[in-house]
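Reader: I have a structure to go through at the bench. Can you take my questions one at a time?

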Amino acid sequence: METLQVNKVHSKDDLEKVFAVRKTVFVDEQNCPPELEWEHEEESVHFLALLNGEPCGACRWRKTDKGYKLERFAVLKEHRGKRIGQALVAAALSDLPGDAGYIYLNAQLDAMRMYSRFGFIAEGEQFEEAGIQHLKMVKKL
């Protein structure tokens with residue numbers, strides 16, 4: 001039986017594993033420009049998903065001038081369809097401060113269904129970010 005853990009990142013070693021997952025998914029697989037991938041790292045709270053002790057996914061949240069933004073959800077291709085993305089969303093949401101009133105994210109279109117399971121609703125027009133179509137989604141409290 002596979003064991004899935006999602007841990008808040010507290011060490012430089014785990015942060016490097018987060019960056020490796022994101023590089024594989026966003027830069028290598030989705031052809032996102034590397035300079036767009038590495039921003040706001042210091043003010044973000046990062047999470048690393050481990051399947052049987054091996055890195056398989058990552059995400060982060062950060063406080064912005066609008067509220068709390070969830071972002072950089074990445075699951076390695078060979079591990080998709082195992083509810084790792086859902087575990088990452090749940091971990092990030094449960095880590096937000098209790099007074100987090102406005103929670104939002106920019107969803108790639110194929111991930112919208114997963115976010116909607118957590119109460120996120122699409123808002124506004126579709127837009128392109130790093131060459132990929134997205135929609136802003138806001139969590140309804």
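Author: First, the turn after the third strand. This is a predicted model. Strands E3 and E4 form a hairpin with 4 residues between them. In that turn, Gly-67 has a positive phi of about 160°.

Reader: In which sense do E3 and E4 pair, and over how many bridges?

Author: Take one pair as an example: Arg-60 has Glu-71 in E4 as its bridge partner. The two strands, E3 and E4, run in the antiparallel sense, and the number of bridges is 6.

Reader: How many of the 10 residues of E3 are buried?

Author: Buried here means under 20% relative accessible area. E3 is largely enclosed by the rest of the structure, because the buried residues number 7 of the 10.

Reader: Which residue in the turn between E2 and E3 has a positive phi?

Author: E2 and E3 pair in the antiparallel sense over 8 bridges. Ala-49 stands opposite Gly-57 in E3. The hairpin leaves 2 residues between the strands, and the positive phi, about 55°, belongs to Asn-52.

Reader: What is the phi of Ala-130 in the hairpin of E6 and E7?

Author: E6 covers residues 120-129 and E7 covers residues 132-139; they pair in the antiparallel sense over 7 bridges. Phe-127 stands opposite His-134 in E7. There are 2 residues between the strands, and Ala-130 takes a positive phi near 55°.

Reader: How far apart are the end C-alpha atoms of H1?

Author: H1 runs over residues 12-29, which makes 18 residues. At 1.5 Å a residue, the helix should span 26 Å. The model agrees with that: the end C-alpha atoms are apart by 24 Å.

Reader: Where is the kink in H1 centred?

Author: The kink is about 35°. Its centre is Lys-23.

Reader: Which elements do the buried residues of H1 pack against?

Author: The buried residues of H1 include Val-18, Phe-19, Arg-22 and Val-25. An α-helix has 3.6 residues a turn, so residues three or four places apart point the same way. The packing partners of the buried H1 residues are H2, E2, E3, E4 and E5.

Reader: Which residue with a positive phi follows H1?

Author: The phi is near 60°. The residue is Asn-31.

Reader: What span should H3 have, and what does the model give?

Author: H3 has 12 residues, and among its buried ones are Ile-84, Leu-88 and Ala-92. At 1.5 Å a residue, the expected span is 16 Å. The end C-alpha atoms agree with this, at 17 Å.

Reader: Is His-79 buried or exposed?

Author: His-79 lies in the loop between E4 and H3. Leaving aside neighbours within four places in sequence, His-79 is in contact with Leu-51, Cys-56 and Ile-84. The cut-off for burial is under 20%. At 17% relative accessibility, His-79 therefore counts as buried.

Reader: What is the radius of gyration of the protein?

Author: The protein has 4 helices and 7 strands. Its C-alpha trace spans about 40 × 35 × 30 Å along the principal axes. For 141 residues, a compact globule would have a radius of gyration near 14 Å; the protein agrees, with 14 Å.

Reader: What share of the contacts between residues at least 6 apart in sequence join residues at least 24 apart?

Author: Buried residues make up 45% of the 141 residues. Of the contacts you ask about, the share joining residues at least 24 apart is 58%.

Definitions and conventions
Residues are numbered from 1 along each chain as its sequence is written. This is a predicted model: local features need pLDDT of at least 70, side-chain atom pairs count only at pLDDT 80 or more; totals for chains, interfaces and linings use all residues. Side-chain values use heavy atoms; hydrogens and water are left out. Buried means under 20% relative accessible area, exposed over 50%, partly exposed in between (1.4 Å probe, protein chains only). Contact means heavy atoms within 4.5 Å. The expected span of a helix is 1.5 Å times one less than its number of residues. The bend at a residue is the angle between axes fitted to the seven residues ending there and the seven starting there. Two strands pair if DSSP finds at least two bridges between them. The radius of gyration is taken over C-alpha atoms; the globule rule is 2.2 Å times the number of residues to the power 0.38.
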